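Let's take a walk through a protein together, one piece at a time. Keep the picture open and turn it as you read.

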Amino acid sequence: MAAIGERVGPFKLTGRLESEGGLELWDAVRADDTLKDPRQVWVRLVTSDDPAHALRLRHEYEALRVVEDPRVPSVVGFFAGHGALAITRYEGVSLRWAMRAAEDGLLTIEPATALDIALEVAHALRAGHSILSARPRIVHGALTPDSVRIGPGGILGVTGL
């Protein structure tokens, strides 16, 4: 089980974001003395001894390595010895958060905005699904409002390929 302050490669874990299915997602910051970017990343860690979870992380790494789309996180580092994958971090909130805020009357999601979000998600999925050389084929598998991030200026990210 990982803990705040633990190092994974050049990154220090700063807070756990989610835990599911033998994997955890953490916020992390670069803790080495370099000025190399990115300074902030997400780190996905294997938290069980089940080889299927390590294989799932390896498949995510292989998928993200070949997908080149700004709406899909890119690989920053793969640390097989730690059972960890560092990926680019998206600022902002989850689509689930935005939907709840709209239900509570805290913000309004216009139909045109909802359509823009759907189109951006579709383009991100197409970027992965259209890569025919990937084995196994790249699929999302569990697209939820939690796997869609909306950032400043409407920047959208889709996680979980």
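Where is the place of alanine 28? Alanine 28 sits in strand E3, which covers residues 23-30. (Strands, labelled E, are DSSP runs of at least two residues, helices are H or I runs of at least four, and both are numbered from the N terminus.) Before going on, a bit of housekeeping: residues are numbered from 1 along each chain as its sequence is written. This is a predicted model, where local features need pLDDT of at least 70, side-chain atom pairs count only at pLDDT 80 or more, and totals for chains, interfaces and linings use all residues, while side-chain values use heavy atoms and leave out hydrogens and water.

Back to alanine 28. With 2% relative accessibility, alanine 28 counts as buried. (Buried means under 20% relative accessible area, exposed means over 50%, and partly exposed is in between, using a 1.4 Å probe and protein chains only.) Who does alanine 28 touch? Setting aside neighbours within four places in sequence, its contacts include Phe11, Leu13, Arg39 and Val43. (Contact means heavy atoms within 4.5 Å.)

Follow the chain out of E3 and you enter the loop between E3 and strand E4 (40-46), where you'll find proline 38. The peptide bond leading from aspartate 37 to proline 38 is cis, with omega near 0°. That's worth a second look, since most residues other than glycine have a negative phi, and most peptide bonds are trans.

Next up is helix H1. Glutamate 60 is found in this helix, and with a relative accessible area of 8% it is buried. Leaving out neighbours within four places in sequence, glutamate 60 is in contact with Arg44, Leu85 and Leu161. As for Leu161, the C-alpha atoms of alanine 28 and leucine 161 are separated by 20 Å, with their positions 133 residues apart along the chain.

Now for some rings. How many aromatic pairs does a search of the whole structure find? It finds 2. In one stacked pair, tyrosine 61 and phenylalanine 78 lie 4.3 Å apart centre to centre, with 10° between the planes. Tyrosine 61 belongs to helix H1 (residues 51-66) and phenylalanine 78 to strand E5 (residues 75-79), so the pair ties together parts that are 17 residues apart in sequence. (Rings of Phe, Tyr and Trp, the last by its six-membered ring, pair if their centres lie within 6.5 Å; planes under 30 degrees apart count as stacked, over 60 as edge-to-face and the rest as tilted.) Tyrosine 61 is buried at 14% relative accessibility, whereas phenylalanine 78 is partly exposed at 22%.

Move along to helix H2. Its buried residues are Leu95, Ala98 and Ala101. Looking down the axis of H2, they fall within an arc of 120°, so they line one face of the helix. (The arc is that of the directions from the helix axis to the C-beta atoms.) Arg100 and Glu103 are exposed on the face of H2 turned away from that buried side. The buried residues of H2 pack against strand E7 (93-94), H3 and E8. After H2 comes glycine 105, whose phi is positive, near 80°.

Between H2 and H3 there is a loop that holds isoleucine 109, which is partly exposed at 29% relative accessibility. Not counting residues up to four places away in sequence, isoleucine 109 touches Ala98, Met99, Ala102 and Ala114.

That brings us to helix H3 (residues 111-129). It has 19 residues and reaches 27 Å from its first C-alpha to its last, close to the 27 Å expected at 1.5 Å a residue. (The expected span is 1.5 Å times one less than the number of residues.) Which residues of H3 are buried? They are Ile117, Val121, Ala124, Leu125, Ala127 and Gly128. Seen down the helix axis, these fall within an arc of 155°, so they line one face of H3. Here's the handy rule: an α-helix has 3.6 residues a turn, so residues three or four places apart point the same way. On the other side of H3, Pro111, Ala112, Leu115 and Arg126 are exposed. The buried residues of H3 pack against helix H2 (95-103), strand E8 (148-150) and strand E9 (156-158).

Note on methods
Expected span 1.5 Å × (residues − 1).
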